[in-house]
Amino acid sequence: MAKPIVLIAEELSPATVEALGPDFDVRNVDGTDRPALLSALSEADAILIRSATKVDEEAIAAAPRLKVIARAGVGLDNVDIKAATTAGVMVVNAPTSNIISAAELTVGHIISLSRFIPAAHASLAAGTWKRSKYTGVELYEKTVGIIGLGRIGALITARLQAFGMNVVAYDPYVTSARAQQLGVTLLTLDELLAQSDFITIHMPKTPETTGMISTEQFALMKPTAFIVNVARGGLIDEDALYAALKSQRIAGAGLDVFVSEPPLESPLLSLENIILTPHLGASTDEAQEKAGVSVAKSVRLALGGELVPDAVNVAGGVIDPSVRPGIALVEKLGQVFSGLADSPVTSIDVEVRGEIAEFDVSVLKLAALKGIFSGIVSESVSYVNAPLLAEQRGVTVRLITETESEEYRNLLSIRGALADGSQISVSGTLTGTKQIEKIVEINGYDVEVPFADHLIVMVYTDRPGIVAVYGKEFGEASINIAGMQIARKEAGGAALSVLTVDSPAPEGLLEKVRIAIDADLMREIDIVE
């Protein structure tokens, strides 16, 4: 088989290609050359980009085989996530690749501001010696206020505590227990602004946080205070910042990010009491290599059909090792479910019972939907667009969990209602030390059948000689029956038979068998890995 094609559209570290491994046909294209990009995308299964390549609706439409867009970095402004989701394309990034670099740059800005390092260097380089002009302040025993105590905020906390600084923080989503663990005092935003000698912002950019530091906030700050932003441009109102610096309402500021980049026309460039850097938060060799390697690993997972923890348009997140084996099982159960359905599905319940129900099992609902819709719709189905396909078809979906399971350690079930009023169900489990996937229930009948590539499910009135009848029909058609199990609820009632066969049944054979045994249900189900 031909190797999946992975397109690298921008310069990435050699370690990125090495992390992809030998299983892919790696090709390169200049992502800023639009015609060349669109042409190369026509055969691509995955594309790796940084910030210069625009993967919009047009680019996604030009890539019928595309399964994953991987951004070697954090920001995704150059990717149309909505169009990707609709097309079933996974979007991944490297959200933790630059956190150390960003934290260190923040500390660098704080130290540079406290000791006037850039200005002192420029003065000396210009031939002047002005020691008294650049008298700074120590960080020791000063208070630093961190707005946003996430991963980067926590890293900065540890580094500045080593300088003997007192750390206070504002973050409405951080518990007092977490703050106490970090040695941080939680304050309101106004309290933090009033008490801090240095302030650094580490918040996401949302309508609520855009311009969160403006004229009113600067009025609360000490005239000796410094403020730093290496997170997102626009968190600080740049016009208000200019006014506060120009009037010396605050002592100084450090910015690595801007509302418009590059900020070539910004009046901030004319000020002496500000340090500006050209968006260097992730610009270290280590961060770039981490980002490339991280998304390369994500591409391997995505093209292998697995969920990716760093996928931004797939619900799920980190998957507990106890839950992971159930993903493939419930996807196969979904394929059996769709094979049993002979009418449109109106509602689906994905039930998880047993020990794994103690963990986050939302991924199993996604896997079930992927398996179900792979047998129903003609378009490509992925973990990304499976929930969207259900929504578009008006199918209600529920995830039901219960930590108690009577017969099995863990039991996964899919139950659904059809438009004709009927209901169907299929259940499975993993058994033994080898975690063998088995079907243990179909439409209320107890069975125990290992999965195989080709299954035939029949329901008929139980009576002597039936097995011989369909055995003869399959034998004459050269279809080898590798395994068989029959289940019934009472003698002389309906029986369900599940056959494992070595090859697909030829056209017309199932209808011939159905007539021969007067079957109520006759389905062939192919399990696609």
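This is a short tour of a predicted model, going from the whole chain to one sheet and a helix lying across it.

**Whole chain.** Start zoomed out, with the C-alpha trace on display: along its principal axes the trace spans about 105 × 50 × 40 Å. Switch to cartoon and you have 17 helices and 22 strands to look through. The radius of gyration is 30 Å, well over the 24 Å that the globule rule gives for 529 residues, so the chain is more spread out than a compact globule. Even so, 49% of the 529 residues count as buried. Turn on a surface next: the accessible area comes to about 25300 Å², with 51% of that belonging to carbon and sulfur atoms. As for contacts between residues at least 6 apart in sequence, 62% of them join residues at least 24 apart.

**The sheet.** Now select 5–8, which is β1, and 46–49, which is β3. These two strands run parallel and are joined by three bridges. Show L7 and I47 here: I47 is the bridge partner of L7 in β3. Then bring in the rest of this open sheet, five strands with parallel pairing, in the order β2-β1-β3-β4-β5. Which strands stand at the edges? Select 25–28 for β2 and 90–92 for β5: each has a single partner strand, so one side of each is left without a neighbour in the sheet. Look along the strands too; ignoring direction, neighbours are turned by 20 degrees against each other on average.

**The helix across it.** Last stop: select 285–303, helix α12. This helix lies across β1, β3, β4 and β5. Add 68–71 to pick out β4, and compare directions: α12 runs at about 170 degrees to that strand.

Notes
Residues are numbered from 1 along each chain as its sequence is written. This is a predicted model: local features need pLDDT of at least 70, side-chain atom pairs count only at pLDDT 80 or more; totals for chains, interfaces and linings use all residues. Side-chain values use heavy atoms; hydrogens and water are left out. Two strands pair if DSSP finds at least two bridges between them. Helices (H or I, at least four residues) and strands (E, at least two) are DSSP runs, numbered from the N terminus. Axes are lines fitted to C-alpha atoms, for helices over the stretch in contact, and angles run from 0 to 180 degrees between N-to-C directions. Contact means heavy atoms within 4.5 Å. The radius of gyration is taken over C-alpha atoms; the globule rule is 2.2 Å times the number of residues to the power 0.38. Buried means under 20% relative accessible area, exposed over 50%, partly exposed in between (1.4 Å probe, protein chains only). Accessible areas come from the Shrake-Rupley method with a 1.4 Å probe; for residues, only the protein chains shown count as cover.
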